[in-house]
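Welcome! Please take a look at the sequence and the 3D structure shown here, and keep both in view as you read.

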Amino acid sequence: QVQLVESGGGLVQAGGSLKISCAASGRTFSNYAMAWFRQCPGKEREFVAGIRRSGRSTYYADSVKGRFTISRDNAKNTVYLQMNSLKPEDTAVYYCAARDTSFSGNYIPTTLTEFGSWGQGTQVTVSS
């Protein structure tokens, strides 16, 4: 499996912006669809955004559509999540996830069980 390491989390005021990153290693990054999930204490981990292997197609949860942008740089083996207009309810641990879709169709997985590789998470805290 690919190894994933998130970075860039921190504390930001409501209305502010933050960009988090996820560096991948160990496998061919361009074989993997990538996604960001988040989890608040006491709640289930939820899908935030996903991107196809090529980066040409993305998909977002309704709660972040228009505010967050997922992107990837296959040359740098990195996926990003640009978060704008942040709200206190965006506070969570953000996890990067990867699924090899090179043999299963070029699609964007969105459910937890579809992903076999996860990072350790990075905390994002939005103060009101």
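What follows is a short tour of strands, core and salt bridges.

**Before you start**

This is a predicted model, in which local features need pLDDT of at least 70, side-chain atom pairs count only at pLDDT 80 or more, and totals for chains, interfaces and linings use all residues. Residues are numbered from 1 along each chain as its sequence is written, and side-chain values use heavy atoms, with hydrogens and water left out.

**The open sheet**

Strands here are DSSP runs of E with at least two residues, numbered from the N terminus. Two strands count as paired if DSSP finds at least two bridges between them. Four strands, in the order β1-β3-β8-β7, make up an open sheet with antiparallel pairing. The edges are taken by β1 (3-7) and β7, each with a single partner strand, so one side of each is left without a neighbour in the sheet. On average, neighbouring strands of this sheet are turned by 15 degrees against each other, direction ignored; the axes behind this are lines fitted to C-alpha atoms, and angles run from 0 to 180 degrees between N-to-C directions. Within the sheet, β3 and β8 are joined in the antiparallel sense by six bridges. One position to find is L18, which stands opposite M83 in β8.

**Around β4**

Is β4 mostly buried or exposed? Seven of its eight residues are buried, so β4 is largely enclosed by the rest of the structure. Buried means under 20% relative accessible area, exposed means over 50%, and partly exposed is in between (1.4 Å probe, protein chains only). β4 pairs with β9 in the antiparallel sense over eight bridges, and R38 has Y94 in β9 as its bridge partner. β4 also runs antiparallel to β5, with five bridges joining the two; here W36 stands opposite A49 in β5. The hairpin of β4 and β5 has six residues between the strands, and G42 takes a positive phi near 80 degrees there.

**The nonpolar core**

A nonpolar core is a set of buried Ala, Val, Leu, Ile, Met, Phe, Trp, Tyr and Cys residues joined through side-chain atoms within 4.5 Å. The largest one has 35 residues, and those with the most contacts inside it are M34, W36, V79, L81, M83 and Y94. Elements giving two or more residues to this core include β3 (18-25), β4 (32-39), β8 (78-83) and β9 (92-100).

M83 is a good residue to click on. Contact means heavy atoms within 4.5 Å. Leaving aside neighbours within four places in sequence, M83 is in contact with residues including L18, I20, F68, Y94 and V124.

P109 sits in the loop between β9 and β10 (117-118) and is buried, with a relative accessible area of 1%. P109 and M34 are 75 residues apart in sequence, yet 8.1 Å apart in space, C-alpha to C-alpha. Not counting residues up to four places away in sequence, P109 touches A33, F47, R99, T101, E114 and F115.

**Salt bridges**

Side chains of opposite charge can pair when their charged atoms come close. A salt bridge is a side-chain nitrogen of Lys or Arg within 4 Å of a carboxyl oxygen of Asp or Glu. The structure holds four of them, and the table includes three.

| Pair | N to O distance |
|---|---|
| E46 and R38 | 2.7 Å |
| R38 and D90 | 2.9 Å |
| D62 and K65 | 3.1 Å |

R38 lies in strand β4 and D90 in the loop between β8 and β9, so this pair ties together parts that are 52 residues apart in sequence. R38 is buried at a relative accessible area of 4%, and D90 is buried at 0%, whereas E46 is partly exposed at 36%. In the pair D62 and K65, D62 is exposed with a relative accessible area of 66%, and K65 is partly exposed with 48%.

Which residues are linked in a network of salt bridges? They are R38, E46, R67 and D90. R67 is found in the loop between β6 (58-60) and β7, and is buried with a relative accessible area of 10%. The R67 side chain also reaches the backbone oxygen of S85 at 3.0 Å. Beyond its neighbours within four places in sequence, R67 is in contact with residues including Q82, M83, N84 and D90.

Conventions:
A polar contact is a pair of N or O atoms within 3.5 Å; within protein, one must be able to donate a hydrogen and the other to accept it, and residues adjacent in sequence count only if both atoms are side-chain atoms.
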